[in-house]
Every structure is written in structure tokens, then in C-alpha cells.
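Biologist: I have a model open and would love a guided close look at one part of it. Could you take me through the place where two of the domains meet, and then through the sheets on either side?

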Amino acid sequence: MNVPLAKAVGQPVSRVDGPRKVTGHARYAGEFDVPGMLHAALVLSTVPKGAVAAIDGEAARQVPGVHVLVTHENAPRLPYRRMAQRPQVDAQSGDQLQVFQGPEIHFNGQPVAVVVAETLEQAVHAASLVTVTYEEEEASTTFDIDRGKPPSSGNEKAGRPAETSMGDADAAFAAAPVKVEAIYTQPREHHNAIEPHVTIARWDGDVLTLYDKTQWVDNDRKEIAHVFGIPEESIRVVSPFVGGAFGSALRTWPHVTVAALAAKVAGRPVRVELTRRELYTSVGFRPHTVQRVALGAERDGTLTAIIQEAWGQTSAYEEYAEVTLDPARNTYACPNVRTRYRLIEMNTNSPCPMRGPGVATGLLAHETAMDELAVALGMDPVELRLRNYAEKDQHKDLPWSSKALRECYRIGAERFGWSGRQPEPRSMREDGQLIGFGMATAAYPAHRSEASAEATLFSDGTALIRSAASDMGPGTYTSITQVAADALGLPVEAVRFELGDTDMPFAPVHGGSITLASVGTAVEAACRVLLEDLSNVVRADPDGPFANLSADDLEWRDGGAVRRGGGELVTFETLLRGLRLDRIVGQGDSAPGDESKTYSSCAFGAVFAEVRVDPDLGTVRVHRIVGAYDIGRVVNPKTAHSQCIGGMVGAIGMALLEQAEWDERFGRVMNGNLAEYLVPVCADVRELDALFVESEDRIFNPLGVKGVAELGICGVAPAIGNAVYHATGRRIRDFPILPEKLL
Ligand code: MOS
């Protein structure tokens, strides 16, 4: 069969959901109008460890409008059935937090009660009147690396091993003529999407509907089915729009259970919206991580030893681990590599993936250390990276399915004007400001999962594509529409893509940059099946224009079919009407094949940053950033560009601003709000640019894409830090780089 020529893919199509978003017609989870809906307010523990001794809810119950107060004393027992296999987005061992099933307290901010009332104001007021007394126990609230424990076998299997070793890194490091060694710290950071997490739960008899902010409707359904011990088929999850998430909506957090439980007890639909303060204890965070990096090299810059060790925090009830040490193992060629990973249990809510999880953290230390090595060698930082270019994934011992990183260094450096850098720190100035140029390598593994899609072509010549995917901001609505438009030979305007509903064909998690490679290939497959079916039908129609033609003699393009080698275009509209069909439907599935065992797939980039530092005040301004990326085929250069510069904005936060201030006495974040937890705002962001090298990875998947999202933040924070060093001569290894650390 002849596949239509690509027309929409590669074009900078504006977001197809843009008009709905800016006119307020996009409906987010918290905006569904559910008749009879009540509002919930949570009561959170104020101690980090122990047990609830007593709950006095009398005053709360007297508040007008209050329907129910649910605590561990009166909550129905929930089965919390174990899953045969943990979803990859959940912590890989330990016990999921069970809400209102007992008096135990694992962290400060744990839900201990929920009040349900007619209005939100009544619920919040009543919740403030609930008095809880505790039997406190001594909590682990300090980030103490001496308490570090190796991750469990579950994490080992999931690719987060306690130790790895290649060659003899310690001996090679001891013998290296040039070496650097240092400790790097990155604090706890929070996602802080603008849209808070909201769940509305409604029971119709035994059937539960959840309107939820989630990056994975199918997992929401699966988890809640297990928590309540009910069949998955009796739960529907709806989540058409997500207002940013950055990983916070990958998992199904306890407040989703609270909503469903409260709705059951109240006998009415219930809406739970987390406050900004509550987000800091409810939906995960990037774990506080300390790393030690030791690099050894020959005098010509050839790496002879890489040792990287990481200590990350996890909670006392679950074990969350990250791939922090992957960058140490495969970013550069080196015969002797040793890594070691330890976890520190603390009385805190569980961490979770956030913006380039693990990789961004690992690269922060690794790429800063590489810059320190370049300084020790008196070598250009780009030159050092080219000297140690990894021609294969040495850790997996597999060839890359594609890699155009050399080209990224080249065009990134050129666009940035890297050659104008004077190597000596503090040597470049303008208007009394110190100028610094820094760079780093970016990389994020490309993954792909099983996905399904359904394509429907209507007799009016338009198409509807459906898959239970999500679009938290990268532009999935748009890129999938483009893929489908090309696959059907239709203009983008004639195609609509719907997502975010468990009634739709299965899609994997919207995270880890896997959506386009997974859902995009399924959509292509569905469109192909549809056209094949249509081809069979029209060729079998004795009265039709293509009667008795062979499949090869039929060509699909421009919204219809033509006889190969010439002839008039017969539109879909004419074809379907002639067949008296109002629609034709195709189902498609896609899944990774053996290529994941025979190749290593990864998206790459080279990031260049210029900072301006005030020598008297220590304030750092990111003047500009240029990133050059190898993301495979670029389906939409406009949304891809947006993703990359969005990642850079996040990285400005990581480098210069973001940190949760942790109070060890109470085990809680003190700045749990957007006034004191600093994120980059418009005034912090100047010139950001992202370039894409020619690339197509048809080994990784038929679409040739490698995924963009997580890559955008990777490598940017160390590039900024390296620029700060170049500007000031001061190496700050304790992120974020605050003015007081520079003075
Ligand atoms: Mo991404 S941190 O997997 O949402």
C-alpha cells in the first residue's frame, strides 16, 4: 500500500488546543461540573512520626454544611490489594501510604482526616476546628549520609543498582596524572505546576468516575481498582487537560483515594483540591541528593577513571530510587568506571520523578566535574568532551541507535559564539559585570512502551483519533494530530485527536519523553489499518471507481484516493458516501521490538550558557542559553523548541533559585508556597534558543523520533554553574548558586 507523503510532520504547527486553552474552553479536572458535588478539606499531621492518639471532631461536625468527617476511626477498611507488578512510576519497594487505615504517622503533612461539606469554605473552616493529639516518636529528619543504605532488589532490577564497576576505577584514579574530586549537593525541589492537583470522585452505584489531574489515566484506574478491591472496568478516569505536572502526576497519590473514599462515605460526589502548601507533602518532589565525583585523566584529556557516588533521600514507608548514576556510566568513553548508590530513609512523604529525573541530577554533578577537569587540564571544555566521545553505550555494551552529538557541539558552539570565550576566569567584562561562558552535555535515554490508538474517518472527510494519552504541556495534542494527518493524507484541520480517558485505547504513562515514540507509532498503525480496510472495501465495490483494482494500484493522498499513475482524485467523502458508510474505523497497536536489546537509544544535546555576575552583589543573570539537540525526527519544530526552552527555564531554577528549606526539628518544608520557594519568572529569563540537528532514528521506532521533554532540563544547570565559575573564578558545588555563596 502507498503511504501518503509527509506534509504536516516537520511543520511548526501552532498548538491545536491553543484556542481552547486561551479562551477558557479547555476543561481541567477541577473544572468538571458534577451535580450534587461536595467539597473536601484535609487535616494533616503536624508531627513527623508516631501515631494519632485522639481526634476531636465535635466542633467540626457542628459547622453548618458539614456532611461527614472521615478519620481512621470511622473510615471503611480498604483492601489495598497488592499488584502483581508495581507500575514503573511507583516506588519499587516499601508500602504505599494507606489513607485513614490506622493511626500510624510516617511524615509531617500526612492526611489524618478529611471534612466534607457543601462549600469549600465550610470544609476548610471545619477542618481547622479538628483537634488531633499525637503520640510522638523520634523521627529521622536529618539527611545523614552515614545512614545510607543500598537500594533493594526491586530497584536493582529496575536499573538503579547499588554498585556497578568496570575495569578498576580506584587504581586508575590513584594513578591518573590529572585528577579532580569533589562533593556536589542538590536540594529537595518541588514541581510547582500552576494547576494544583484536583480529583473529583463520583459513584454511580458500584461504578466510580474520577476526574483527575494525571499523566496516566490507565494507571489511576488500576491503582484505585486495587485500593478499593473493585474491577478496573467499573472505574472510568477522565483527564483531558493537565496544566503542567513535571512528573508530579505520574503516580496516583493518596488524595485520589481520599476523594473516592469521601464520596463513598458522603454518598455524594466529592471534590478534593490540594492547596499549594499541601502539594509540598502530597505529590512527591525531586529528592535531596549529594554526590561525590572523582575523575582521572591523561594529560591529553583522555579519561582514565570515573567514580561517582550518590546519596538520595527516600521516605520511611517506600523506597524511591533514581537513575542518578546513569550519566556517569555512559556519557563518556572510559575503561574504568565505578558507581555507588545509597538511599537515606527519612520521615517525609515519598519523592518521585521530577523534570529529567535522576539524569538531570546526575549530570549536574558529572558535568560540573568535567568542567573542573577541563580547568585542571587547561583544556577547552568542548575539546575535553570530544576527546572522550562515547561511540557506544559502554555500560550496556550496545551501539547507539543514532547519535549526532558531535554535530550538536559544533552547531551549538557556532551559534553561541563559543570561540569568543577567553579561557581565564574573570577575564571577560562588560558594564562592570563579569561575563561567564559555560557549557555541558545533555542526554536523556529514549524509551518506548506499548500503546494503542483508534482512528475513525467520517463521511464528511474528517478524522477522529483517540488514545488514552495525556498532554501536560509538551504539545501531544498537536504532534499526534500532525502524525495522523500525514498518515491519512488529510490536512491538519480535518483531524481531531482526543486523549485522557480510560474509555479510549490504552496509552502508556505520559512521562520520560516516551509519548510520541509510543502513541505516535500506534496512531500511525491505526491509520494504516484504516486505509487498508478502506482499500479492501472500495476495491471490492463493483460499482465504485476502483472496482477490481489491486492494492498497489491505489494511492492515498490529499484526502482521497487516485488510481496509480494518473486518474482523478476521489475524496474520502465521495468514497464513503458511495459505499453508504458514515464512518470507517481502524485500531492500531505498537510496541518496542528487539531493537531495545540490540541498541541503546538516547536523545542528546550540547548546552551553552552565558551569565552576567555582579561582582559586588553576587547576583547571577542568565544572559542567554543556546542548546543544540539531537531528538531524532522533529515532528513539530515549534513545540519542540518550546519544550527545550521550557526545560532551560526549569534549569535556571535548578541552578540559581529552587530549594525547599527543610526544618529538621519538625520534618517539614518551611517555604511551602510560591512566595518563598523561588522559581524563575519572566524577569529571570532572557534569550533562550534551541537548535535541532538533522537526525532520524528509524531503528528506535518507525516514526524516527526520540522524544524531547525531559532532555530540555538536562545539562543546563551545570552549563550555568560552569559559566558562573568562568565569570567569577568561584566554584559553587552546593546548588542553587545563591548570591551569598558567591560573595
Ligand atoms: Mo516526567 S519527570 O517522567 O513527568
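Modeller: Happily; what follows goes from the domains to their interface and then to two sheets.

Please keep in mind that this is a predicted model. The domain assignment gives three domains, and each is built from separate stretches of the chain: domain 1 takes 18-27 + 449-591, domain 2 takes 32-138 + 194-244 + 249-282, and domain 3 takes 146-189 + 285-447 + 597-742. Your interface is the one between domain 2 and domain 3, whose centres, taken over C-alpha atoms, are separated by 36 Å.

Let us start with the contact itself. On the domain 2 side, 20 residues are in contact with 27 residues of domain 3. Together the two domains bury about 2,100 Å² between them, and carbon and sulfur atoms give 52% of that area. Three residues are worth displaying straight away: Q92, R277 and Y280 supply 30% of the area that domain 2 buries against domain 3, more than any other three residues.

Now the polar side of the interface. The rule finds 12 residue pairs in polar contact across it, both residues of a pair being at pLDDT 80 or more. As for elements, β4 (93-94) and α8 (276-282) are those that give two or more residues to the side of domain 2 that touches domain 3. Of these, α8 provides the largest share, with five residues. The salt-bridge count between the two domains is one. In the structure as a whole there are 51 salt bridges.

One of them leads us nicely into a sheet: R342 forms a salt bridge with E163, with the closest N and O atoms 2.6 Å apart. R342 lies in strand β17 (residues 337-346) and E163 in strand β8, so this pair ties together parts that are 179 residues apart in sequence.

Both of those strands belong to an open sheet of five strands, ordered β8-β17-β15-β14-β9 with mixed pairing. The edges are β8 (163-166) and β9 (178-186), each pairing on one side only. From one strand to the next, the twist averages 10 degrees. If you follow β9 to its partner, you will find that β9 and β14 (residues 289-297) pair in the antiparallel sense over nine bridges. Within the sheet, T185 stands opposite V290 in β14. Helix α10 (residues 359-377) packs on this sheet, where it touches β9, β14 and β15 (303-315), and its direction makes about 145 degrees with that of β9.

The other sheet is also open and mixed in its pairing, with seven strands in the order β3-β6-β1-β13-β10-β11-β12. Here β3 (66-71) and β12 (235-238) stand at the edges with a single partner strand each, so one side of each is left without a neighbour in the sheet. Neighbouring strands are turned by 20 degrees against each other on average, direction ignored. Strands β10 (residues 198-204) and β11 (residues 207-212) run antiparallel and are joined by six bridges, and D204 stands opposite V207 in β11.

Two helices pack on this seven-stranded sheet. Helix α6 (residues 217-228) touches β10, β11 and β12, with its direction at about 145 degrees to that of β12. Helix α7 (residues 254-266) touches β1 (38-44), β3, β6 (111-117), β10, β11 and β13 (270-273), and its direction makes about 35 degrees with that of β10.

Terms used. Residues numbered from 1 in each chain as written. Predicted model: local features only at pLDDT ≥ 70, side-chain atom pairs only at ≥ 80, totals over all residues. Heavy atoms only, no water. Pairing = 2+ DSSP bridges. Helix = DSSP H or I, 4+ residues; strand = E, 2+ residues; numbered from the N terminus. Axes fitted to C-alpha atoms, helices over the stretch in contact; angles between N-to-C directions. Contact = heavy atoms within 4.5 Å. Domains from an automatic or database assignment. Buried area = accessible area lost by both parts, 1.4 Å probe. Salt bridge = Lys/Arg side-chain N within 4 Å of Asp/Glu carboxyl O. Polar contact = N/O pair within 3.5 Å; in protein donor to acceptor, adjacent residues only side chain to side chain.
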